[in-house]
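Work through the exercises below with the model open. Try each task before you read its solution.

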Protein chains: 2
Amino acid sequence: MSAPLRIGVAGLGTVGCGTIAILEGNREVLAARCRRALVVTAVSARSRSKPRPVPMDRYRWHDDPVALAHDPEVDVVLELIGGETGAAPAVIEAALQAGKPAVTANKALLAYEGARLARLAEGAGTDLAYEAAVAGGIPIVKALRDGLAGNRTTGVVGILNGTCNYILTTMRETGRAFEDVLKEAQELGYAEAEPSLDVDGHDAAHKLALLAAIAFGIEPALDAIHVEGIRQVQAVDIAYAEELGFRIKLLGIARATERGIELRLHPCMVPVATTLAGIDGVFNAVRVESDAAGSTLYVGRGAGAAPTGSAVVADLVDLARGFRAPPFGVPAAELAPPSVASMSEHIGAYYLRLTVDDRPGVLADIAACLRDEGVSVESMIQRHRATDQPVPIVMITHETREASLSRALDRIGHLDTVREPPRMLRIETV
Amino acid sequence: MSAPLRIGVAGLGTVGCGTIAILEGNREVLAARCRRALVVTAVSARSRSKPRPVPMDRYRWHDDPVALAHDPEVDVVLELIGGETGAAPAVIEAALQAGKPAVTANKALLAYEGARLARLAEGAGTDLAYEAAVAGGIPIVKALRDGLAGNRTTGVVGILNGTCNYILTTMRETGRAFEDVLKEAQELGYAEAEPSLDVDGHDAAHKLALLAAIAFGIEPALDAIHVEGIRQVQAVDIAYAEELGFRIKLLGIARATERGIELRLHPCMVPVATTLAGIDGVFNAVRVESDAAGSTLYVGRGAGAAPTGSAVVADLVDLARGFRAPPFGVPAAELAPPSVASMSEHIGAYYLRLTVDDRPGVLADIAACLRDEGVSVESMIQRHRATDQPVPIVMITHETREASLSRALDRIGHLDTVREPPRMLRIETV
């Protein structure tokens, strides 16, 4: 039995308290698995007096998280403060510079600063671990970096935000509108009062940047990701998807193509028979496509005190066992700048929904716009209504280049008989 | 860059050649990930002249795999020979006794001898790794042992044999009989000429023994597993399952109960809406239930040269990076003998199919047998037919003890009006 691993916890919110609860509750089995004790020795947060679900009086208290990182009774520092600036990077940098491993759940910080922090860790001969930053309780960082280490990855496709998946699932099950379901999710605590980080896709994009970095040995490239959230998904599109044999999911996709790596995060239509289509509610899922293992899929809870704490503790077990791997799978100095494929070059099938006047010649005009750009239609739903209200036309295209489709939609949107901006959703079949 | 890791491969069948193909094909990315080269230096097989998909002339040849284990130019030994006796254990023991790590895909050997070999490895200060022994390309050993190391596991449920899953899937899709589909699977190479290891559940039981050992910190306990294969699954049961909203899957289940650990491998009816029900064809899937992460699911290809080779190479990457964890998660000396719950104490719902004479009083007699044992019926399908042929009665019971159900079925089977032995399938809802 080696000496205990002494842990300092900076940030005592949901994840910090959830992590401490696991370390205390599973203390004995953890000691057996690591052949040494995992012991919390020091904690830090903004408010010492705030009520918390686990008692803190047995640990050394630091008002300053950087002081916690320098505490001689701390061997490894957990950064569970969050945020891309301020205390979070300060405490990680202090730990690494002191030669102490840092464990974090901070996806935003790593999506921006991951390559720099990985270099800092490697330069100091220590470690930076972040299993908890991606997909909560699913050990996907380890699966991709260690479990699939023999493979060349060709693609990663994930449902990476439980709030969005809950909203899309509830919209489908109830037929209700986005704003209505969002409001309920906020009341239930499934969505934040300020929902933009989730519903506009930023949180999922942070996670995609990290997965793509490991998968392809590239620097995390948040700015290179094409990001669209779910605000524009309408109940009527969900209903048409169902009718056409699809589900709408917010997917993060990183895929190697001849044109570079596609990095995109947007609502997709996926065939209802696929496993990803059946991942509902707050669950996350990641499918990895790789040359030897083929397609593998990982499903679990993407958030919450216990699932995220599970991931933090897994990193601590690695450190306690002396496991060392480069944070992004290869040494930070070897991470390549990403060669990103332009969205305009994306090739795929598309769902289109147009709102048009119900009179002769409308379809001919639309068909001409598509034909002129080389976009061919695989199937169409048009229902005549005996009213003078605008009517919907729904189409599924064959595979086409996005630039061609965009030009066609731009022309279609300017037709006199087209009453609303055309709606488009990308279809993801594999 | 450290010195290369020199690999000796004993056994040049499907998995051996698949592993070498990955090591050669992904040589550069592996060197980056490990910060050292992974180099095959020596190989061994029964026949040197047999044609193989990868050239062997660049490696040192050993007729005797034990001599390969002793080769001074071999740092780590891959045992890909298979079998519970003879060369396979001999080469692993030789490697471990020489202080060299052994990597194996040999689920049968480990299911019988895993605890002893783990003690041998730990005593020699070296490692025994076996990611490839369970569920092929799915990195489930690492997920359970490392990724979920913070958790107490409460249950593991898996589709662990691709041949059986392929046969059950094809039976459902085509309505054909077991023997017919098995024959086709043999012709297609999805099933062995001697299919017993797969279709009688032994192969899946080997894997379940290993998963349960990691999950619960117990010695692999093959003999303690209740094993039933899929030979008794009839097309008519698959059709009734479909009608009742279920799919039939061969599941391996290890679950902590108040009565001890349930260890069972048998066909189950699972609700069609669950993710496991949708895992079709040759795919494997493992669901882990644990206290912090909650329910997590892992899906992928369970066999084949490349997926299994992917798992072998992942173990080599671990070794090259210097990662060391106890083979079954805790030191071998701390593995507990399993405290196994008796099948007769199992509590669950059941599907029953009886073949009876179509005349008055039959149902009353059957109902009396069930009532006398305290078994209550949740739903029933009985269709009158205007013939003098025997007719089926299908029932779903409420939760009941298996001993009670067995007694009731024994009495029912002896009724004059019951024409065939009653058929029973356990329902697995969670």
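Three exercises follow, on a helix, a strand and the contacts between parts.

This is a predicted model, in which local features need pLDDT of at least 70, side-chain atom pairs count only at pLDDT 80 or more, and totals for chains, interfaces and linings use all residues. Residues are numbered from 1 along each chain as its sequence is written, while chains are lettered from A and ligands numbered from 1 in the order in which they are written.

**Exercise 1. A helix**

Task: Find which residues of H14(A) are buried, and what covers them.

Solution:
- Step 1. Locate the helix. H14(A) spans residues 402–413. Helices (H or I, at least four residues) and strands (E, at least two) are DSSP runs, numbered from the N terminus.
- Step 2. Apply the burial rule. A residue is buried if 20 or more other C-beta atoms, placed from the backbone, lie within 10 Å of its own, exposed if 12 or fewer, and partly exposed in between. Leu405(A), Ala408(A), Leu409(A) and Ile412(A) are buried.
- Step 3. Look down the axis. The buried residues of H14(A) fall within an arc of 100 degrees, so they line one face of the helix. The arc is that of the directions from the helix axis to the C-beta atoms.
- Step 4. Look for the cover. It includes helix H13 (362–372) and strand E13 (347–356) of chain A.

**Exercise 2. A strand**

Task: Work out which way the residues of E4(B) point, and which strands pair with it.

Solution:
- Step 1. Sort the side chains. Val76(B) and Leu78(B) point one way, Val77(B) and Glu79(B) the other. All are buried.
- Step 2. Recall the rule. In a regular strand the side chains alternate between the two faces of the sheet.
- Step 3. Find the partners. Two strands pair if DSSP finds at least two bridges between them. E1(B) and E4(B) pair in the parallel sense over 4 bridges. E4(B) and E5(B) are also parallel, over 3 bridges.
- Step 4. Match residues. Ile7(B) stands opposite Val76(B). Glu79(B) has Thr104(B) as its bridge partner.

**Exercise 3. Contacts between chains**

Task: Describe the side of chain B that touches chain A.

Solution:
- Step 1. Count. The contact takes 48 residues from chain B and 48 from chain A. Two residues are in contact if their C-beta atoms, placed from the backbone, lie within 7 Å.
- Step 2. Name elements. Among those of chain B that give two or more residues are helix H2 (27–34) and helix H12 (305–320).
- Step 3. Check the strands. E12(A) and E12(B) run antiparallel, joined by 3 bridges. Leu297(A) stands opposite Val299(B).

Note on methods:
The expected span of a helix is 1.5 Å times one less than its number of residues. Ala, Val, Leu, Ile, Met, Phe, Trp, Tyr, Cys and Pro count as nonpolar, Asp, Glu, Lys and Arg as charged, and the others, Gly among them, as polar.
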